[in-house]
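The following report concerns one protein chain. It considers salt bridges, nonpolar cores, a loop residue, a surface patch and model confidence in turn.

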Amino acid sequence: YLRLNTLNMHISHLLNGIKASRMVFTSMTIQQYHASLRPFNSHINSKSSNNIYIKNNTAVADVNNQFHQAKLINFLKEAYSIPIPQTKRLIKKRFIRINNKRPSSTNINEILVSEGDKVILPQSIMKHVRVNEQPQQETTEIRLMHGKPMSKNQLDSHADYLKKLIIYESKDVIVFNKPAGVPTMSGPKIDRSNPKRLPFHLQLNALKTPTQTRFFLVHRLDKWTSGCLVVAKNREAARKLQKYFIYNRKYGHLKKGYWAIVHGKVLPSSGRINAPINRITLSEQGETREVMAIDDIHGKQSITEYRSLQNLGETLSLIALYPLTGRTHQLRAHTGLVLQTPIVGDSKYASLTHRQQSNQLLKGNEDMMLHSRAIRIPHYLTSEGQDKIVIAPLIGKFKKSFLQYDFDENHANQFLKEDFLQ
């Protein structure tokens, strides 16, 4: 009786405060009323498939089967709209736990969650949370200058263009021959004047269909690197590919092969580079920029195998590079800082003399002579049921320079096959 009187009193108080909207409490239960008084009621839903609730002054998010083996940053972004930078800050400050264990902050992008895990967050995060009952619908728009979206005819035309870049496809993966000059992901400066220059992950919107609503990038290529770019068609395939590349790092099984045109003659002609690299900040003429440097103390393990394929005297060389780890700018740093033969067109890891030579060779154009020539797709993701070595044909300025300096493609391919079959 007392509870009902209290309920009626609170309902009357609520109704007096409502003006134009006139919310009607025709069938409010006591449970619904108490839920309405909770400070975070708009964020908590005990029946939600993406359940998050308050316990002991913390927010607890349950991982369901939809996000099994998903990255932690993606799980919180897609299920609860928590921005990825904010999640990274919380991990670095040790404010996030998974099943009462704090994940390591050394490799945040590779932290995975599994079905049944409990992700524990500070309660203050709840003001930023929005529960997404359904998976977020990916946009199919591609926006150009002034935010204007492409028309359907433009999207169809761009889809045809992207299909011409496909060099391998199965039910789980697509391998594109990415042109140089196209960033893989969005950055601070996006060229929207031409859809072919947009970040590749945005361009993929043109290929979306009612049955294929999302694509997953499993690795990246530098903006000025052309060649093999692998895209997974589903989350499970993305998870398998990520594990596959981690296996590559542990056991040295070749998965990726690059060709590069470099300054000078590579000595010794083949070998393995094991030089840890770390990010540093340089100041030049009042401007700061980040580069990778060889750092034996604080650097991350970085291993690259290489082979000289052809020399043009002491001036230029064509070399094959096989990264066994996947660090940022690894190939560029190893060729420029360790071998002292920087990639033609690479201004970050080249001396002033080499930069001047690049300008002469490339006639001042902003290009880099690095091409992702081949990649191995594991048998469980191919249509053939066996490992598939996908080779990206030479394109763009790399092809033009390759022919201009009369490098022998057939000779180089022989070494490529030998190295991948080892």
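## Salt bridges

Glu 169 and Lys 233 are joined by a salt bridge between their side chains, with an N to O distance of 2.7 Å. Glu 169 belongs to strand 7 (residues 166–169), whereas Lys 233 sits in the loop between strand 10 and helix 7 (235–251), so this pair ties together parts that are 64 residues apart in sequence. Glu 169 counts as partly exposed, because its relative accessibility is 41%. Lys 233, at a relative accessible area of 16%, is buried. The model is a predicted one, and a search of the whole structure yields 14 salt bridges. Three of the pairs are listed below.

| Pair | Closest N to O distance | Separation in sequence |
|---|---|---|
| Asp 62 and Lys 118 | 2.9 Å | 56 residues |
| Glu 169 and Lys 233 | 2.7 Å | 64 residues |
| Lys 397 and Asp 367 | 3.2 Å | 30 residues |

The bridge between Asp 62 and Lys 118 links distant parts of the chain, with Asp 62 in strand 2 (residues 58–62) and Lys 118 in strand 6 (residues 118–122). Lys 118 has 36% relative accessibility and therefore counts as partly exposed.

A salt bridge also connects the side chains of Lys 397 and Asp 367. Lys 397 is in helix 10 (residues 396–404), and Asp 367 is in the loop between helix 9 (352–362) and strand 17 (370–377). Lys 397 is partly exposed, with a relative accessible area of 35%, while Asp 367 is buried at 11% relative accessibility. In addition, a network of salt bridges links Glu 78, Arg 214 and Arg 235.

## Nonpolar cores

In soluble globular proteins, nonpolar side chains tend to be buried together. In this model, the largest nonpolar core has 51 residues, and the members that touch the most others are Phe 176, Phe 200, Trp 259, Ile 261, Leu 318, Leu 321 and Leu 370. Strand 16 (residues 316–323) supplies the largest share of this core, six residues. Another core, of 25 residues, lies apart from it and includes Ala 59, Val 63, Tyr 80 and Ile 91.

Leaving aside residues up to four places away in sequence, the contacts of Ile 261 include Leu 316, Ser 317 and Leu 318, as well as Ile 343, Val 344, Met 369, Phe 398 and Phe 407.

## A buried loop residue

Thr 225 is located in the loop between strand 9 (216–217) and strand 10 (226–232). Is this residue buried or exposed? Thr 225 is buried, because its relative accessible area is 2%, under the 20% limit. Beyond residues up to four places away in sequence, Thr 225 touches Lys 178, Pro 179, Ala 180, Tyr 258, Met 368, Leu 370 and Ser 372. One of these contacts, Leu 370, is also among the core members that touch the most others.

## Surface patch

Ile 294, Leu 337 and Val 338 make up a nonpolar patch on the surface, and their accessible area together is about 200 Å². Val 338 belongs to helix 8 (residues 330–338) and is partly exposed, at 36% relative accessibility.

## Model confidence

The pLDDT averages 80 over the chain, and 80% of the residues score at least 70. Residues 17–49 have a pLDDT below 50, and this stretch has 34 contacts in the model beyond near neighbours in sequence. The pLDDT is also below 50 over residues 133–138, a stretch with 12 such contacts. Where pLDDT is low, the predicted coordinates should not be read in detail.

Technical notes: Residues numbered from 1 in each chain as written. Heavy atoms only, no water. Patch = residues over 30% accessible without salt bridge, like charges linked within 9 Å, V, L, I, M, F, W, Y side chains within 5 Å. Areas by Shrake-Rupley, 256 points an atom, 1.4 Å probe, with all protein chains shown as cover. Salt bridge = Lys/Arg side-chain N within 4 Å of Asp/Glu carboxyl O. Helix = DSSP H or I, 4+ residues; strand = E, 2+ residues; numbered from the N terminus. Buried < 20%, exposed > 50% of the residue type's maximum accessible area, 1.4 Å probe, protein only. Core = buried A, V, L, I, M, F, W, Y, C linked by side-chain atoms within 4.5 Å. Contact = heavy atoms within 4.5 Å. pLDDT = per-residue confidence, 0-100.
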